Every structure is written in structure tokens, then in C-alpha cells.
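I opened this notebook page to record what I looked up in the structure, one contact at a time. My entries follow in the order in which I went through them.

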Amino acid sequence: MEDVLTVYARPYDAKRPVVCMDEKPYQLLEDAYIPLAMQQGCAEKVDYKYIRHGTCSIFLFNEPLGSWRHAEALERRTKVDWAHKIRWLLLEQYPDAEKVVLVVDNLNIHTVSSLYESFSPEVAFDLAQRLEIHFTPKHGSWLNIAEIELSALGVLVSWEKTHT
């Protein structure tokens, strides 16, 4: 826990930005019946039956001190998916950074080995050299600011469903 808190206490450094990353599985659902709108004297009528249209995984990156956020839904969450998002982060979002300081949870795909399974050894090595990974404690993933944002977005999606 102290490691992650120490990372968060660092001053802003554009050459070594601190980026938090997390992903969350999400069900793609559709209402089976169109809700009946609220009318005077009658509450909105909603049937809770739904149609499942598969799943996706939402990848979220944020840089708390840089006021930057990016979320993207992918079909799944694999080592290769994670490695490609890390390559995107390093080469497209932070091409001039010496290192990106990455805060992630202890999921088995969040390792440098994922880079080696996805890219040539030369590319994987180059990416790994620009990455400084800090893991949240096993039962302390709530320390990851990206996880907190994903939770807040989930509440927002639920609220929008009930208020639109």
C-alpha cells in the first residue's frame, strides 16, 4: 500500500507521468420491453426482463495529475489485449515520456511477459524499458484511481438508465 501511496505523492513530471489503469467486464443488455413513461398519478412502469447481447471489457486509463482519461470497450480482456493497449499508451499517448509510471492491480495479464507474448522480443523489450509498473495490494485494488473511476462510471450508467 505504501508503494502506491508514495507513487501518488510524486510531483507532476511530464517525462514520468503517473497513469492508472483498470478494466472491468460489462454485460451488454437491452430492455425486453419499452418502459412506459411516467404520467400524472402513475409512476414509470419498467419490466426488468432484459435481452443479453454478449459482454465486453472496458479498459480505462487516467492520469490523475494530468487531468487525462481514456476509456475503450474491447471484446475481451486477454494478455494480448492488455499488451496492445500498453503499446498504444506508450507510443501514441506518451511518445516523449522517458517512462510511464503505471498503477495496476494484480491481475495475471498485467505483466511484462504479456508484451513478450504479443510482440517481437525487440519491441517488447523497448516497451518494457519505458514502463514502471506498481501493483496495488492484493486486497487493496481500491487504491487504483482508475478502479474508482470505473465504479463511478458504472453508477452513472445505472443512473442514466433510470433517468432517461
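**Entry 1, Lys85.** I began with Lys85, whose relative accessible area is 8%, so I noted this residue as buried, keeping in mind that the model I am reading is a predicted one. I then looked for the partner of its side chain and found that Lys85 meets Glu72 in a salt bridge, at 2.4 Å from N to O. Glu72 belongs to strand 3 and Lys85 to helix 2, so this pair ties together parts that are 13 residues apart in sequence. For Glu72 I wrote down a relative accessible area of 28%, and therefore entered that residue as partly exposed. Lys85 has a second contact that I did not want to miss, since its charged end sits over the ring of Trp88, 4.2 Å from the ring centre.

**Entry 2, from Trp88 to the other rings.** How many aromatic pairs does the structure hold? I counted 3 of them. One is formed by Phe61 and Trp88, and I recorded it as tilted, with 5.7 Å centre to centre and 55° between the planes. Phe61 lies in strand 2 (residues 50-63) and Trp88 in helix 2 (residues 79-93), so the pair ties together parts that are 27 residues apart in sequence. I checked the accessibility of the two partners as well, and both Phe61 and Trp88 are buried.

I went on to Trp68 and Tyr94, whose ring centres are 5.7 Å apart and whose planes stand at 80°, so I entered this pair as edge-to-face. Trp68 is in strand 3 (residues 68-74), whereas Tyr94 is in the loop between helix 2 and strand 4 (100-104), so here the parts tied together are 26 residues apart in sequence. Tyr94 has a relative accessibility of 10%, and because the limit for buried is under 20%, I listed Tyr94 as buried. Taking the ring pairs together, I noted that they link Phe61, Trp68, Trp88 and Tyr94 into a cluster.

**Entry 3, strands 2 and 3.** Having met both strands in the ring contacts, I looked up how strand 2 and strand 3 are joined, and found 7 bridges between them, with the two strands running antiparallel. As one example of the pairing I noted Ile58, whose bridge partner in strand 3 is Ala73. The two strands form a hairpin with 4 residues between them, and in the turn I marked Ser67, which has a positive phi of about 55°.

**Entry 4, the other salt bridges.** I reminded myself that side chains of opposite charge can pair when their charged atoms come close. The count for this structure comes to 4 salt bridges. One of them is between Arg16 and Glu132, where the side chains meet at 2.3 Å, N to O. This pair links distant parts of the chain, with Arg16 in the loop between helix 1 (2-8) and strand 1 (18-31) and Glu132 in strand 5 (residues 131-135), 116 residues apart. Which of these two partners is buried and which is partly exposed? Arg16, at 28% relative accessibility, counts as partly exposed, whereas Glu132, with a relative accessible area of 16%, is buried.

I also entered the salt bridge between Glu117 and Lys79, whose side chains meet at 3.1 Å, N to O. Glu117 lies in helix 3 and Lys79 in helix 2, so the pair ties together parts that are 38 residues apart in sequence. Glu117 is exposed, with a relative accessible area of 53%, and Lys79 is partly exposed, with 25%. I then followed the salt bridges that share partners, and these join Arg10, Arg16 and Glu132 into one network.

**Entry 5, a surface patch.** On the surface I noted a nonpolar patch of about 260 Å², made by Val112, Tyr116 and Phe125. Tyr116 lies in helix 3 (residues 112-118), and with a relative accessible area of 38% I entered Tyr116 as partly exposed.

**Entry 6, the chain as a whole.** I closed by looking up the secondary structure, which comes to 5 helices and 5 strands. From the N terminus on, I wrote the order of the elements as α-β-β-β-α-β-α-α-β-α. Of the 164 residues in the chain, buried residues make up 32%.

Conventions
Residues are numbered from 1 along each chain as its sequence is written. This is a predicted model: local features need pLDDT of at least 70, side-chain atom pairs count only at pLDDT 80 or more; totals for chains, interfaces and linings use all residues. Side-chain values use heavy atoms; hydrogens and water are left out. Rings of Phe, Tyr and Trp (its six-membered ring) pair if their centres lie within 6.5 Å; planes under 30 degrees apart count as stacked, over 60 as edge-to-face and the rest as tilted. Buried means under 20% relative accessible area, exposed over 50%, partly exposed in between (1.4 Å probe, protein chains only). A charge sits over a ring if NZ of Lys or CZ of Arg is within 6 Å of the ring centre and within 35 degrees of the ring normal. Patches are made of residues with over 30% relative accessible area and no salt bridge: like charges are joined within 9 Å, nonpolar side chains (Val, Leu, Ile, Met, Phe, Trp, Tyr) within 5 Å. Accessible areas come from the Shrake-Rupley method with a 1.4 Å probe; for residues, only the protein chains shown count as cover. Two strands pair if DSSP finds at least two bridges between them.
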